[in-house]
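Work through the exercises below with the sequence and the structure at hand. Each task is followed by a solution in steps.

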Amino acid sequence: MEPTESAAPVSRPRGRVLPAGFTGLPAAVLATAAAVLVTGLQRALTSGHPLFPGGVAGWSLALLTGFIVGHLVALGRERWWGGTGSGAALTLAVLLLYGWVPAGLVSLTVVVLVSAARRHRWRQGLLHGAADILGVGAAALVLALFGDVPSVDRPWQPLDWGIADAPEIVLAAGAYLLATRLLLWYTLAPPGRGLPTVARTALLRQGLVAVALLGIAPLICVVAAARPILLPLFAIPLIALDSTLWIARARAEEQLKDPLTGLPNRQWLLERTWTALEDAEEEQARSALVLIDLDRFRSVNDTLGHLAGDRLLLQIADRLRLALPRGAEAARLGGDEFAVLLPVADSTTSAQRVARHLVAELSSPLDLDGLVLVLEASAGVAVYPDHARDAEGLLRRADVAMYQAKRDRTGVEVYESKRDSNTPDRLGLLGDLRRALDAGEVELHYQPKVRFDGQVAGLEALVRWVHPERGKVPPDEFIAIAESSGLMPHLTEYVLETALAQVARWRAQGLEVPVAVNVSPRDVHTPGFAGAVAARLARHGVPAGSLQLEITEHVLLEDPQRAADTLNGLTGHGVKMSLDDFGTGYSSLVHLRRLPVSELKIDRSFVARLAVDTEDAEIVRCTVDLAHSLGLLVVAEGVEDDETWERLRDLGCDAVQGWLVSAAMPPAETTAWLRARGEHGWHRAVDTAPVTEQAPAPTPGHVVQ
């Protein structure tokens, strides 16, 4: 697909005998302008009238035109308009003096010469030239309505103008401006939306300055009639005023550029994405947006200072530019967040592959005055039309995927609606969950942990929610919504309050059994969390040893120091800590040494195939030996059959939890279960058959379950 012009989307050819890239309204403007110009030239040639004045006036006008063309070429910038600005004043002056055919030739000369100097902009130049010729035609019609039809052999003499001619001149100039502005607006604007900000701002400001430029046109007419040799001097005020238009455009461009890196900013990205999506829709193709965030960049600012952080961002921006695939465009959205637009994506897989390449490039070591730094990156991918059909929606969903990659430490994630708490369905579920917590409709069930001698080692509190209309909502679904929405602290408070109240009731009945509650990394990173837990224990009259908090290694990945302070504060109050889902995180052995835990839980993914997979059995054996060498108790999750029980006992595991022992039970059933075991504990029946019922999907171990 051919690259589009930066000013506006370029339509695709559909078998027309027109320059490639023009369809619809742009094609109509070109065809009409060509027809008008050809008709005028034919009539002028047929009548024998000259097309342009000769003598001193003609050469002076040609020289002035040359100065203006040279000025526009020397600016060396891409333009939002063709023969307008300084050229507009000259064009209108020629129109008032000699009629619309010479004026159209002046406009065409400016556009053709400037476009030839910038060959990569010739399509846009043709379009602007066509709009200018039609604007000249509109002004000529106004003059004709007043009975004035100037020509080269019969010019309209400005020395004969009076006050009565002023409205005619003003209306002609207004028609010229209005026609060119409207044509450019509607040919450049994407369907159904306005122009991009740069074009819109430039056109509006240009219109104001053009009023001043066109005010000079009558003066040019007077000098052309009285002292034509002085015409080239008008190049000075015309070029000065024309430069004001370029300054206005430059300021508009600055509004769409990141001042630090020079990359485009968020506003530009959204507008460029709209254009890409329209092209993709026309071509029945895909587009993709990749959102990239640097992990732990805040630590660089805090440690080395913001100036060092800015220098690193410059390196990241340069590296991102070099890593871009052909046709891709990058932008900085703010802070350490970048975006890459893939106007054409063959598939979701190819977009994901590009994202992985970019993440790998940005994650390689950076040098800062001899200090080697490694800043890992996380990226989210959203694809049109699979995930969203508009620019804002695509950006939001890429953002959701990026935070998922950041949370799970996977590097790159593609958007999935089931993990997005911002969909209408999940937003409704979030509101229902909030109301259920306020009304106390969320329940806690308790699953026992038992030792191999049958003694009950404790209970784990698991969240269960029965929606009045949806029925049972899977814990991993509503917990993920709570985590991503900010409702997680409220859910944690609810679970802790409910669990401690139940522990207090059991203690009053003579049932002293510790209860474990899962907490999320967000809870651990919340200031004052340890003190809040201690206050709740005191309020319920529950000793700290009766509460165990289950965490995962992920608590150390975001803010290690704050997490360590919180965990040490909890253990200082006497709360026991358990490391859940061991073996599924990152750098497990390193983190295990830093976490003040007394218990380690082997993830069910290793336990499930323990009896048939020798590698899983070896992993469990090594884990048990490691934990015991550190003085930790080991609990195996997901135990569902006798053979697994026997293998775990042989490997030296301390306790088990799973359906073989018991499923999670409501408080009343748990109370009955505890009383039935009494002092004799739990004993496995000899003829117990393997459990055949499908176990529920495990809930995320790093959140309250």
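The term pLDDT stands for the predictor's confidence in each residue, on a scale from 0 to 100. It is needed here because this is a predicted model.

**Exercise 1.** State the average pLDDT of the chain, and find the elements with the lowest and the highest mean pLDDT.

Solution.
- Step 1. The average over the chain is 79, and 80% of the residues score at least 70.
- Step 2. Among the elements, helix H7, residues 197-215, has the lowest mean pLDDT, at 58. The highest, 95, belongs to strand E11, residues 515-518.
- Step 3. In the stretch of residues 77-84 the pLDDT is below 50, and the model gives this stretch 40 contacts beyond near neighbours in sequence. Residues 190-195 also have a pLDDT below 50, with 15 such contacts.
- Step 4. Where pLDDT is low, predicted coordinates should not be read in detail.

**Exercise 2.** Find which residues line the second largest cavity, and sort them by class.

Solution.
- Step 1. Searching the whole structure turns up two cavities of 30 Å³ or more. The volume of the second largest is about 40 Å³.
- Step 2. Its lining consists of Val400, Ala401, Gln404, Glu413, Val414, Glu416 and Arg419.
- Step 3. Helix H14 (391-408) and strand E7 (412-414) each contribute at least two lining residues. H14 has the largest share, three residues.
- Step 4. Sorted by class, the lining holds three nonpolar, one polar and three charged residues.

**Exercise 3.** Is Thr566 buried or exposed?

Solution.
- Step 1. Locate Thr566 in helix H21, which spans residues 560-572.
- Step 2. The relative accessible area of Thr566 is 9%. Buried means under 20%, so Thr566 is buried.
- Step 3. Leaving out residues up to four places away in sequence, Thr566 touches Val524, Phe529 and Ala530.

**Exercise 4.** Describe the largest nonpolar core, and name the helix that gives the most to this core.

Solution.
- Step 1. The largest nonpolar core has 77 residues. Those with the most contacts inside the core are Leu547, Leu549, Ile551, Leu570, Val575, Leu648 and Val656.
- Step 2. Helix H17, residues 488-508, gives the most to this core, with nine residues.
- Step 3. Take Leu549 as an example: beyond four places in sequence, its contacts include Leu496, Val517, Phe529, Leu570 and Val575.
- Step 4. A second, separate core has 44 residues, including Ile169, Ala172, Tyr176 and Trp246.
- Step 5. As background, nonpolar side chains tend to be buried together in soluble globular proteins.

Note on methods
Residues are numbered from 1 along each chain as its sequence is written. Side-chain values use heavy atoms; hydrogens and water are left out. Helices (H or I, at least four residues) and strands (E, at least two) are DSSP runs, numbered from the N terminus. Contact means heavy atoms within 4.5 Å. On a 1 Å grid over the protein atoms alone, a cavity is a set of points where a 1.4 Å probe fits but cannot get out, and a pocket is an open set with protein on both sides within 12 Å along at least five of seven lines; lining residues have an atom within 4 Å of a point. Grid points are joined across faces, edges and corners, and a volume is the space filled by probe spheres set on the points. Ala, Val, Leu, Ile, Met, Phe, Trp, Tyr, Cys and Pro count as nonpolar, Asp, Glu, Lys and Arg as charged, and the others, Gly among them, as polar. Buried means under 20% relative accessible area, exposed over 50%, partly exposed in between (1.4 Å probe, protein chains only). A nonpolar core is a set of buried Ala, Val, Leu, Ile, Met, Phe, Trp, Tyr and Cys residues joined through side-chain atoms within 4.5 Å.
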